[in-house]
Amino acid sequence: MKRKNHSRGQLNNYMYWPLMLTILIVLMNVPLYYVDKKAGICVSIFAVLYFLIVLGIFIANKSLIRSEVISFATQYGTIQRKLLNEFQIPYALLDYNSKILWMNEAFSKITEKDKGYHKSITTIFPSITRELLEKEEESNSMQVEWKEQIYRASIGKIYFDTSVTESNLLEVESKEQFLVSLYLFDETELHKYIQKNRDEQLVSALIYIDNYEEALDSIEEVKRSLLVALVDRKVSKYFSERDSIVKKIERDKYFVVFKQKYLEELIVDKFSILEEVKTIKVGNEMAVTLSIGVGVSGNNYNQKYEYSRMAIDLALGRGGDQVVVKEEEKISYFGGKSRQMEKMTRVKARVKAHALREIIESREQVFIMGHSISDMDAFGAAIGIYCAAQVLGKKTYIVLNEVTSSLRPMKECFTEEKGYPADMFLTSDKAIEMVDYRSVVIVVDTNRPNYTECPELLNRTKTIVVFDHHRQSSEVIDNAVLSYIETYASSTCEMVAEVLQYFNENIHLKPNEADSIYAGILIDTNNFMTKTGVRTFEAAAYLRRCGAEVTRVRKLLRDDMAAYKARAEAVRHAEVYKGAFAISICPADPEVESPTIAGAQAANELLNIVGIKASFVLTEYNEKIYISSRSIDEINVQLIMERLGGGGHLNVAGAQMKDCSVMEAKRRIEATLEQMLEEGDIEV
């Protein structure tokens with residue numbers, strides 16, 4: 001778009017006004033002829049002489065005055081240019097294509113480019129791109145680096161139509177284009193002192209011994225004090241070498257304070273103290289493991305301590321033997337490669353059972369929900385909690401939106417004909433209408449709010465209970481009044497089975513209810529082949545006493561032909577990556593009602609191949625890419641899935657991806673594996 005600006009300066013007006021006075025004299029002279037003719041003639045002669053003299057002066061000085069004005073403007077512009085060229089602040093002028101038009105001496109000296117350098121500014125500062133210069137903002141600033149120096153680049157736009165001064169000599173034509181001014185302010189020292197101040201700030205950390213009682217019980221009594229002393233020494237030495245203060249606050253807990261500048265050193269070292277304490281052997285059969293929570297960047301020391309407390313809770317909730325660093329909203333994880341040891345005591349289960357009973361007794365309605373696309377573990381756990389609430393005479397509902405083909409046979413065991421209310425199962429919309437502040441929402445088999453059947457339900461009540469066996473991530477249901485998360489448990493159904501034994505003496509499960517809970521354990525343990533412990537079999541034995549029948553459950557869990565073929569196809573087309581990882585894509589067959597379950601089953605099947613240490617099966621479903629990952633013991637797939645935004649267990653994990661194709665998701669898995677192999681987080 002073009003437009004013209006007609007400029008008429010004031011110089012000509014100042015030069016012409018003496019001539020214009022002749023007209024005024026003539027007008028004044030006309031009345032004199034009526035008063036005194038002789039006086040009129042005299043004034044007329046004077047007017048002519050005045051006009052001739054002024055005209056002569058105008059002609060003689062016109063070119064001289066204009067020449068002087070132009071000379072002054074030229075000298076003024078030269079002085080301005082000289083001052084700008086010798087300006088101490090580096091300055092450059094660019095066109096709208098980011099090409100350098102001109103630079104002053106300071107800019108030339110810093111960038112080591114001569115004034116004839118007319119290439120793009122991006123060749124000097126890659127972060128200053130043409131796209132950045134084309135943004136609508138007339139000015140902005142950003143940080144750039146050049147040869148270990150840090151500068152604040154102040155970028156401004158100079159538009160032609162606003163910057164060209166109106167001239168009395170020229171008719172100016174301008175376009176809606178612009179030049180770019182670039183100033184560089186050296187902030188190296190400022191950043192140096194900011195970093196120094198940050199490095200000197202104190203960081204708080206909490207260290208817990210995960211298995212203190214278990215480790216002491218595994219050795220002779222006379223050696224217990226020696227084991228504790230060696231752990232104390234390892235912890236104190238590791239942190240004292242970094243100018244830290246280590247204070248033992250309980251027999252299995254430490255409080256540590258150190259400068260933030262050592263945190264980067266600890267991160268590079270990957271907190272080797274986790275592995276060092278495992279080397280302590282004084283006859284103990286069980287290796288000692290630590291959990292560490294670090295709080296960084298709080299506004300005050302109380303907030304830093306609160307961050308460290310939140311970090312240690314997260315580390316323990318993820319299974320221990322790891323470090324969690326919380327820096328405001330950013331959370332980093334280190335370690336967590338080993339399997340969590342099963343706790344033999346059931347004290348915690350009994351305490352949680354009593355707490356759950358008190359909460360349900362104080363509420364009028366109970367809403368139970370698992371994760372979206374519910375599986376057998378979520379369904380079985382929901383049935384177990386439903387039975388507990390029914391014993392207390394509470395109106396109870398299970399929120400279930402989608403019933404998969406594998407879940408349908410089990411759900412059909414809970415119909416009106418078999419004595420269950422018609423509104424036992426609700427959709428999300430119906431549950432939202434019915435829930436109120438007098439209700440309790442119990443979430444099973446997930447601890448992420450966005451993964452639940454109805455996330456909005458969590459905002460409709462203040463009483464929330466969580467039962468889960470997955471490792472926690474940064475996204476958790478943080479307003480739960482009761483949270484029971486045990487990562488060593490094989491399944492949520494195992495945890496619920498234990499809770500039911502302490503919940504109420506009058507609770508008696510029907511055979512179909514026991515079947516549902518038993519099926520959840522069976523599926524999550526892959527027929528008792530993975531993640532099983534003593535308490536897993538004890539829970540199964542309890543359910544068997546309640547009437548669970550293995551043969552009946554097996555019949556209910558059988559697949560249809562389409563799902564079986566899809567699983568077989570996924571196994572058949574699997575590719576082996578790096579000689580140890582099986583990656584496959586589960587075909588999107590419209591006849592398969594629950595392709596995600598078929599993908600999870602295919603991931604289990606791939607582990608039966610010799611040499612495969614971990615398997616990954618991708619399934620495209622409902623405009624998302626679902627990833628099912630499995631391993632036996634050597635690879636922690638949970639760490640891999642966390643890199644992709646998911647999570648789970650050491651041997652069973654998963655993730656969901658949006659806005660990408662299956663092949664893009666596959667490439668992301670391969671890139672993640674490559675990176676983790678280079679960093680040493682996984683080994684093949």
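**Exercise 1.** Which residue of β21 is the bridge partner of Tyr577? Place this pair within its sheet in the predicted model.

*Solution.* The bridge partner of Tyr577 in β21 is Phe581. Strand β20 pairs with β21 (residues 581-586) in the antiparallel sense, over 3 bridges. Helix α23 (residues 662-679) packs on the sheet and touches β20, β21, β22 (614-621), β23 (624-631) and β25 (652-657). The direction of α23 makes about 165 degrees with that of β21. The sheet is open, with 6 strands in the order β20-β21-β22-β23-β25-β24 and mixed pairing. Its edge strands are β20 (575-577) and β24 (647-648), each of which pairs on one side only.

**Exercise 2.** Determine the strand order of the sheet that contains β8, and explain why one side of β9 and of β13 lacks a neighbour in the sheet.

*Solution.* The order is β9-β10-β8-β11-β12-β13, an open sheet of 6 strands with mixed pairing. Strands β9 (245-250) and β13 (330-335) are at the edges and have a single partner strand each, so one side of each has no neighbour in the sheet. On average, neighbouring strands are turned by 20 degrees against each other, direction ignored. Strands β8 (residues 202-209) and β10 (residues 253-259) run antiparallel and are joined by 7 bridges; Leu202 has Lys259 as its bridge partner in β10. Helix α11 packs on this sheet, and its direction makes about 145 degrees with that of β11.

**Exercise 3.** Characterise the surroundings of Lys304.

*Solution.* Lys304 belongs to helix α11 (residues 301-317). Lys304 is buried but has no salt bridge. Glu328, the nearest side chain of opposite charge, is 9.8 Å away, whereas a salt bridge requires the charged atoms to lie within 4 Å. A polar atom of the Lys304 side chain lies 2.8 Å from the backbone oxygen of Leu202.

Definitions and conventions. Residues numbered from 1 in each chain as written. Predicted model: local features only at pLDDT ≥ 70, side-chain atom pairs only at ≥ 80, totals over all residues. Heavy atoms only, no water. Pairing = 2+ DSSP bridges. Helix = DSSP H or I, 4+ residues; strand = E, 2+ residues; numbered from the N terminus. Contact = heavy atoms within 4.5 Å. Axes fitted to C-alpha atoms, helices over the stretch in contact; angles between N-to-C directions. Buried < 20%, exposed > 50% of the residue type's maximum accessible area, 1.4 Å probe, protein only. Lys, Arg positive; Asp, Glu negative; His and termini not counted. Polar contact = N/O pair within 3.5 Å; in protein donor to acceptor, adjacent residues only side chain to side chain.
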